[in-house]
Structure formats: C-alpha cells, structure tokens
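I set out to go through this entry part by part and to write down what I looked up, in the order in which I looked it up.

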Amino acid sequence: MRPFDGRRILLGVTGGIASYKSAWLARLLTQAGAQVDVILTRSAREFIGSVTFEALTGRPVHSVLIGDGHALDHIRLAREADLMVVAPATADFLARAAHGHADELLSATLLAVTCPVLMVPAMNDKMWTNAQVQSNCAALRAQGRVVLDPGVGPLASPDEGAGQGRMQEPETIVAHCGRLLEPPGKLRGKRVLVTAGPTREPLDPVRYLSNHSTGKMGVALAEAAWRRGAEVVVVHGPLAVRVPDGACAKPVETAQDMAEAVASEIGDVDVLVMAAAPADFRPAKVASAKIKKSGKVPQVELEETPDILKSTASKRKQGMIAVGFALETDDLRENAQKKLTAKQLQLIVANSAREAGAGFGYDTNRVSILSAAGTTEELPLLPKREVADAILDRIEALL
Ligand SMILES: Cc1cc2nc3c(=O)[nH]c(=O)nc-3n(C[C@H](O)[C@H](O)[C@H](O)COP(=O)(O)O)c2cc1C
C-alpha cells in the first residue's frame, strides 16, 4: 500500500523558473500512488511542456479554460480533487488567487475547489519580500490556503546570489501533501515531543562513548506525528537521517544536554515519545587534552548519566501520554514491564537488540507494545514507518 493510493491530486504549475522541479514533484506524487491531474498556465507551457507531465502522470494535461479543453473542465477537476497543489506559484498567480480572478483555467479551478489547497511560491528574493506579494500571501492564508514560505539559498540567475525565494524541494512538498491529505485524528493540533538518536559522551576532546542508534525510529515517529497534524519537537543526538520536514529540531550531544532540552520543552507537551538511545554511562572525568599513548592503558571510570525519562515524571502535565522504548539483549518482556512501571509510562515499545532486521540501523523493526492497562501486542517485522503509525494509533486511542 502506497501512502497516496486512491487519492486525487490537482497539480497547478505556473510560469516560474522552478517549474522544472514540478516534473519531479509530479513523479513523486504519482509514485506515492496519487492520480495526478496537471494544469499548466499559459506561461508555464512556455517554461515546461505538457508532454513531460503527460508521460509522468499517465493523464492528459489541462491548460485552457475556453478553447480546446472540455467545457467545465475546471468544475470537474475541482470536484474530483482531494488536494490542490500549486507549485511553483508565481507572484502573479498569488495576486490572481488572492483576489479571486477566474480568467484562466488554474485560477478558475482554484475558486471551485473545496479540498485543501497548498501553494508553493517561488520567485526572486526582492519579489518575495515585496509588500504586495506578502499581503497577497496573508490574504490567501486568511482564506484557509496553506502557503509555504520559500526556501533560502542560491536563486536561479547566476548573478542573483542567495536569498529567500527558492521553491521548496519536491520531497518537502510531498510531505506537506501527506499532512493535508491525512484524515483528521486526535493528534491534530497536539504538541508531541520525540527524542531520537544516540548521545555522545566525551572522553577527551577527540573521543566519545556512544551507541549504534541512527535515530531512524524516532524520526519515523516524528514524521508520522507531524503528518497527523501534530506540532512536533524532536530533541535528537547526532542522526544518520534527516530530521523530517515540519518538525522543530533541537540537536544535542550528551545525555545531560538531552535531559536539559527535554526539561525545557516538556511544559505543554501532550505526548512524549522517548525513542532516543541516550547513554546510560559517561566517563566520570573528561580529559582536557587528547589522551596520548604512554605505554600503559588508561583506566576509564564511568558514572551514570541522568535518567531522562524518569526525570520527566514530575514535569508531565495532567493527561500527558508518555511512551518509552526498551531495547534489550535479554529478558525483553520482563525488562520492558519493569521500565513501564518504574517510569510511569502509558506505553512501552520493546524490541530486541539481537533480532536480525530489527533495532539499530535497520529500516525495519519488530516490536511488542505493552500498556499500563496490562495489554501486550506483538507486531510483525514492519518498515519503521509502519511501526511508527502503529504506535501512534495506540497513542491516539489513549488521547
Ligand atoms: C525567465 C523568466 C523567469 C521568471 N521567473 C519567475 C519566478 O520564478 N517567479 C515569478 O513569480 N515570476 C517569474 N517570472 C514572471 C512570470 O513568468 C510572469 O509573471 C507570468 O505572467 C506568470 O504567469 P502565470 O502566473 O500565469 O504562470 C519569470 C519570467 C521570466 C521571463
């Protein structure tokens, strides 16, 4: 099952340089299972032709309001869409959309849709900061349209340098589409704090103790929670994967840093998911200079790091759902059960560090979910994305 199977997306492309990236966007949306209908403005057809989109989507491309298209195409396309995306959205299109123009197919269709609308502006940085453009975007947002801020980076023309105006990358746009297509659930509008990845405990200025955590499970949870409409903060150690779009990232190094970051974020959090693998021990002393070979092997004394999950117990607001993870080599179920009780959790997700295809580094995981109510569920080996959704389903049921 692909994430957008059975969904119909209307992709409007307007006449900006970034329209070359819209072909990739059409490809990603189609690959995700969506049926994609493309509308090109007249200018967009000058920048990028319809044949590319027809080939990528397997569907006819629409362009004309009156003429060679079917009469009332704009009404039919609008009625059938689950989501409308305009990427890139030119300054001129934003102006037409903000003021309700309907003199060409794309803006006429926009007026007729009842589904969510995502606009992805792209333009020169001076155009983007222009007061009229900003006021048009504000008007569109007030009308309920989702308007993404453009990215900051090199602009199209070689002599323009960097600035804010780049179209958001197609992968980011797809993530926003996922959020807008998600049916409303109990996580919408909730604040979710996820921890992810390992910590690094310094031994000297060049060495540290750490573990094999990559952060994939925590990132999958953050991604899925954001897609379900939550406001997500991710407190994370050094990750092997990208922090998902939409989540607010708080990078940390040590378990102490992670404890402090969690303590400062936890105030109004509705759901706490501790998927990180912070170190349990750290070197008791950190050498101020690199420890050199001297003919005798140095002894490293360790001390315990703060127990982050336990330290949150007194700071949790009433009704907060707290979820922990237990990665064990032995006595998985018993250890998970002990942690569930000791740390006052509603759920604990247990997985074995000894099982092939599960745990650190893999894209898959096989977990058991134990609840404070006394239930235990065994899930099969699944992609971490699906494990994340299964965990969030259980969380939503508790909210
Ligand atoms: C080479 C070139 C690049 C352009 N790039 C952009 C752009 O990135 N963003 C933008 O808002 N307008 C851009 N424009 C201006 C639009 O093409 C112009 O406003 C056009 O009328 C937009 O039509 P449409 O919104 O119907 O597609 C560009 C124009 C040219 C000639």
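Which helix supplies the largest share of the shell around the ligand? I began there, keeping in mind that the model is a predicted one, and found that helix 5 gives the largest share, three residues.

**Entry 1, the ligand shell.** I noted 15 residues around the ligand, of which Thr-14, Gly-15, Gly-16, Ser-43 and Thr-90 come nearest. Helix 2 (42-47) and helix 5 (91-98) each contribute at least two residues to this shell. Sorting the shell by class, I obtained eight nonpolar, six polar and one charged residues.

**Entry 2, the five-stranded sheet.** I then traced an open sheet of five strands, whose order is 2-1-3-4-5 and whose pairing is parallel. Strand 2 (35-40) and strand 5 (146-147) are at its edges, and each has a single partner strand, so one side of each is left without a neighbour in the sheet. Strand 1 (residues 8-13) pairs with strand 2 in the parallel sense over six bridges, and when I looked up the bridge partner of Gly-12 in strand 2, I found Ile-39. Helix 1 (residues 19-31) packs on this sheet, where it touches strand 1, strand 2 and strand 3 (83-89), and its direction makes about 175 degrees with that of strand 1.

**Entry 3, helix 1.** I checked the length of this helix next: at 1.5 Å a residue, its 13 residues should span 18 Å, and the end C-alpha atoms are 19 Å apart, which agrees. Asking which of its residues are buried, I listed Ser-19, Lys-21, Ser-22, Leu-25, Ala-26, Leu-29 and Thr-30. The cover over these buried residues includes strand 1, strand 2 and strand 3, together with helix 2, helix 3 (50-57) and helix 9 (170-181). Just after helix 1, I noted that Gly-33 takes a positive phi of about 110 degrees.

**Entry 4, the eight-stranded sheet.** Further along I found an open sheet of eight strands in the order 12-11-8-13-16-17-19-20, with mixed pairing. Its edges are strand 12 (248-251) and strand 20 (376-378), each with a single partner strand, so one side of each is left without a neighbour in the sheet. From one strand to the next the twist averages 15 degrees. Strand 19 (residues 368-371) and strand 20 pair in the antiparallel sense over three bridges, and Ser-368 stands opposite Glu-378 in strand 20.

I also looked up two helices lying across strands. Helix 11 (residues 255-265) lies across strand 8 (191-196), strand 11 (231-236) and strand 12, and runs at about 160 degrees to strand 11. Helix 13 (residues 332-342) lies across strand 16 (321-328), strand 17 (347-352) and strand 19, and runs at about 155 degrees to strand 17.

**Entry 5, Thr-214.** Is Thr-214 buried, exposed or partly exposed? I counted 19 C-beta neighbours inside 10 Å, and because a residue is buried only at 20 or more, Thr-214 counts as partly exposed. I placed Thr-214 in the loop between strand 10 (207-209) and helix 10 (216-227). Leaving out residues up to four places away in sequence, Thr-214 touches Gly-197, Leu-239, Ala-240, Val-241, Phe-360 and Gly-361. Leu-140 is 74 residues from Thr-214 along the chain, and the C-alpha atoms of the two are separated by 40 Å.

Note on methods. Residues numbered from 1 in each chain as written. Predicted model: local features only at pLDDT ≥ 70, side-chain atom pairs only at ≥ 80, totals over all residues. Pairing = 2+ DSSP bridges. Contact = placed C-beta atoms within 7 Å. Axes fitted to C-alpha atoms, helices over the stretch in contact; angles between N-to-C directions. Near = placed C-beta within 6 Å. Nonpolar A, V, L, I, M, F, W, Y, C, P; charged D, E, K, R; others polar. Expected span 1.5 Å × (residues − 1). Buried ≥ 20, exposed ≤ 12 C-beta atoms within 10 Å, placed from the backbone.
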